[in-house]
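Visitor: I would like to go through this protein with you, one question at a time. Could we put it on the screen before we begin?

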Amino acid sequence: KFKGLGYWWLAFNYLNYRNCGGRINNIKGIRFPISQNSFIAYDVNDNFNNEHNFLIDPIKKGDPELLTFDPDGKARPSSINKTSLEYYRAYVSIEIYGLNSIDSLVSHRNTKWNECYKAIRRAMEKYDELERAVNIGDVPLYNRYFDEFMDFIDNDIKPAINESSEFSAVAKACVLSYSKYDWIKDYVLEA
């Protein structure tokens with residue numbers, strides 16, 4: 001078998017273009033890491049799906065969850081175990097795809113995090129008012145604050161973490177960073 005033309009038979013397969021773009025392709029180049037003992041597809045009759053590829057595939061179930069984001073907009077592995085395969089795959093993908101090398105992308109992620117943070121803070125303030133209304137036994141005030149609280153949840157936070165929303169993974173990372181609060185678990189993540 002000739003071993004040098006790469007995956008020539010995938011050149012016009014539209015699924016092969018989901019990880020492309022001028023800037024990312026220049027950063028990625030020809031790097032395509034697979035595990036050391038992996039099967040390698042060399043021609044059209046070989047099933048490339050049998051390769052043990054390290055790069056995260058954005059449409060493969062479970063792969064996007066290997067990444068998370070910091071408040072500054074930087075991508076990072078979601079696993080904290082630096083010896084795990086999940087950590088390594090995320091780390092390698094961040095480097096090869098250049099996910100932290102495109103300043104405008106990092107800036108947009110940072111903006112999305114800040115928008116989500118502000119929505120959480122507003123909801124948190126309403127939740128505090130809710131608790132005060134409960135403590136003084138004021139049912140009408142409780143009902144008003146609860147409605148306002150749910151407006152922030154339903155109109156600001158939940159749409160931001162919806163998978164079809166732009167930068168939803170960043171918004172979800174922001175929400176998860178506040179998951180110690182019961183109301184985040186009860187009204188945002190579980191609902």
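Visitor: How many helices and strands does the protein chain have?

Guide: This is a predicted model, in which local features need pLDDT of at least 70 and side-chain atom pairs count only at pLDDT 80 or more, while totals for chains, interfaces and linings use all residues. Residues are numbered from 1 along each chain as its sequence is written, and side-chain values use heavy atoms, with hydrogens and water left out. Helices (H or I, at least four residues) and strands (E, at least two) are DSSP runs numbered from the N terminus, and along the sequence they follow the pattern α-β-β-α-α-α-α-α. The count for the protein chain is 6 helices and 2 strands.

Visitor: Which element gives the most residues to the largest nonpolar core?

Guide: A nonpolar core is a set of buried Ala, Val, Leu, Ile, Met, Phe, Trp, Tyr and Cys residues joined through side-chain atoms within 4.5 Å, where buried means under 20% relative accessible area with a 1.4 Å probe, counting protein chains only. The largest such core holds 36 residues, and Ile-120, Ile-153, Ile-157, Val-175, Trp-183 and Val-188 touch the most other members. At least two residues each come from β1 (67-69), α2 (85-97), α3 (103-136), α4 (139-161), α5 (168-176) and α6 (182-189). The element that gives the most, with 8 residues, is α3.

Visitor: Leaving aside neighbours within four places in sequence, which residues is Val-175 in contact with?

Guide: Val-175 is one of the core residues that touch the most other members, and contact here means heavy atoms within 4.5 Å. With its sequence neighbours set aside, the partners of Val-175 are Cys-116, Ile-120, Ile-157, Ile-161, Ile-184, Val-188 and Leu-189.

Visitor: Why is Cys-174 not bonded to Cys-116?

Guide: Cys-174 is buried at a relative accessible area of 0%, and Cys-116 also counts as buried, at 3% relative accessibility. A disulfide is a pair of cysteine sulfur atoms within 2.5 Å, and by this rule the count comes to 0 disulfides. The sulfur of Cys-174 has its closest cysteine sulfur in Cys-116, and the pair is too far apart for a bond because the separation is 3.9 Å.

Visitor: What span does α2 reach from its first C-alpha to its last?

Guide: The expected span of a helix is 1.5 Å times one less than its number of residues, and α2 has 13 residues, with 18 Å expected. Among its buried residues are Tyr-87, Arg-89 and Ala-90, and the helix is followed by Gly-98, whose phi is positive, near 65°. Close to the expected value, the span that α2 reaches is 18 Å.

Technical notes: Buried means under 20% relative accessible area, exposed over 50%, partly exposed in between (1.4 Å probe, protein chains only).
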